[in-house]
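Me: I have a model open and would like to learn how to read it. Could you take me through some of its features, one at a time?

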Amino acid sequence: MAGLFYPSDSDLLRTQVLDLLADEAASLNVMPKALIAPHAGYTYSGRVAAAAFATLRDGAQAITRVVLIGPAHYVHVRGIAAPTVDAFETPLGNVPVDVEALRKIADLPFIIRADAPHEPEHALEVELPFLQTLMGSFQLVPLVVGDAAAKDVANVLRQLWVGSETLIVVSSDLSHYHSYEAARRLDLATAAAIERGDWASLGPNQACGCLPIAGLLVEAGRRGLKTRRLSLCNSGDAAGSRDRVVGYGAWMFA
């Protein structure tokens with residue numbers, strides 16, 4: 001997606017990410033265990049994504065592993081797809097894949113090893129420049145969710161949760177292609193469901209990453225984490241028409 005969703009030039013990309021992060025408020029004096037962030041082009045959802053990632057500003061260097069999980073938009077996946085490759089690349093460099101972490105979940109019956117779902121997928125890729133800018137060096141556990149259950153996602157997260165060195169990032173946009181006011185109503189209801197942990201009420205009409213979000217809500221609830229909304233808007237607030245908008249939200253769990 002370099003050159004489409006974000007700049008393909010490394011200097012321009014780093015500058016854009018830093019500018020987006022600089023516009024966000026100071027850190028909240030608490031490190032999140034998990035984040036939900038949108039995955040559209042930076043012109044549309046960059047400020048909302050920055051609201052999520054800015055929470056890492058003071059403690060990012062302590063994170064050595066990121067479990068990055070999002071929906072499959074392009075390739076049908078029966079289960080949850082983990083890649084076979086050794087690294088993911090952006091204009092800011094390579095991010096090594098945590099092969100050992102993938103081995104840890106390889107025996108789960110719904111995990112498949114396949115690169116095809118990852119190759120065209122933007123949901124994970126567009127989060128990486130934010131993480132690279134803030135954290136520098138880290139290992140990545142990239143997972144794309146297709147036909148799976150919320151409990152499957154929760155099971156994966158449970159296996160990979162470990163300590164404070166591991167951050168979980170769920171990539172998801174919210175409602176798609178409604179009018180501005182209809183999207184606002186839908187997204188407010190979705191935000192309320194996320195904040196009360198009501199994972200069962202989430203479906204594809206509420207969020208393209210409804211299953212990754214639901215799995216996170218299951219496991220975060222089991223562990224007693226608190227949810228905080230960081231931003232909520234739609235593409236009509238940023239650029240383009242208000243006739244058919246896409247919703248974006250950012251949340252932290254700690």
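Reply: Gladly! Let's start with a helix: H5, residues 128-135, is mostly covered, with 7 of its 8 residues buried. Keep in mind that this is a predicted model.

Me: Which residues of H5 are buried?

Reply: They are Leu128, Pro129, Phe130, Leu131, Gln132, Leu134 and Met135. Look just past the helix too: Gly136 follows H5 with a positive phi of about 75 degrees.

Me: What are the buried residues of helix H6?

Reply: In H6, which covers residues 150-160, the buried ones are Ala150, Asp152, Val153, Ala154, Val156, Leu157 and Leu160. After H6 comes Val162, and here again phi is positive, near 40 degrees.

Me: How should I think about the nonpolar residues?

Reply: The general idea is that in soluble globular proteins, nonpolar side chains tend to be buried together. In this structure, the largest nonpolar core has 78 residues. Those with the most contacts inside that core are Phe53, Val66, Leu143, Leu216 and Phe253.

Me: Let's take one of those. Which residues does Val66 contact, leaving aside neighbours within four places in sequence?

Reply: Val66 is in contact with Leu131, Met135, Phe138, Gln139, Leu140, Val141, Leu167 and Val169. You have met two of these names already, since Leu131 and Met135 are among the buried residues of H5.

Me: And Val169, at the end of that list: where does it lie?

Reply: Val169 lies in strand E8, residues 166-171. To judge burial, compare the relative accessible area with the cut-off: under 20% means buried. Val169 has 0%, so it is buried. Its partner Val66 is 103 residues away in sequence, yet the two C-alpha atoms are 7.0 Å apart in space. Apart from neighbours within four places, Val169 is in contact with Leu35, Phe53, Val66, Val67, Leu68 and Ile69.

Me: May I try the same reading on a helix residue, say Ala214? Is it buried or exposed?

Reply: Ala214 counts as buried because its relative accessibility is 3%. You will find Ala214 in helix H8, residues 210-222. Beyond its neighbours within four places in sequence, Ala214 is in contact with Ala150, Trp199 and Leu202. Ala150 is one of the buried residues of H6.

Me: Which residues does Thr190 touch, not counting those up to four places away in sequence?

Reply: Thr190 touches Leu174, Leu202 and Gln206. Its place is in helix H7, residues 180-195, and with a relative accessible area of 3% Thr190 is buried. For distance along the chain against distance in space, try another pair: Thr190 and Ala114 are 76 residues apart along the chain, and their C-alpha atoms are separated by 31 Å.

Me: Now for the whole chain. How many helices and strands are there?

Reply: The chain has 8 helices and 11 strands. Its radius of gyration is 17 Å, close to the 18 Å that the globule rule gives for 254 residues, so the chain is as compact as a globular protein of that length. Buried residues make up 53% of the 254 residues.

Me: What share of the contacts joins residues at least 24 apart?

Reply: Among contacts between residues at least 6 apart in sequence, 81% join residues at least 24 apart. Val66 and Val169 give you an example of a contact between residues 103 apart in sequence.

Me: Finally, what about the surface and the charges?

Reply: The accessible surface comes to about 10,700 Å², and 49% of that belongs to carbon and sulfur atoms. For charge, the chain has 21 positive and 27 negative charges, whose mean positions are 8 Å apart.

Conventions: Residues numbered from 1 in each chain as written. Predicted model: local features only at pLDDT ≥ 70, side-chain atom pairs only at ≥ 80, totals over all residues. Heavy atoms only, no water. Buried < 20%, exposed > 50% of the residue type's maximum accessible area, 1.4 Å probe, protein only. Helix = DSSP H or I, 4+ residues; strand = E, 2+ residues; numbered from the N terminus. Core = buried A, V, L, I, M, F, W, Y, C linked by side-chain atoms within 4.5 Å. Contact = heavy atoms within 4.5 Å. Rg over C-alpha atoms; globule rule 2.2 N^0.38 Å. Areas by Shrake-Rupley, 256 points an atom, 1.4 Å probe, with all protein chains shown as cover. Lys, Arg positive; Asp, Glu negative; His and termini not counted. Charge placed at Lys NZ, Arg CZ, Asp CG, Glu CD.
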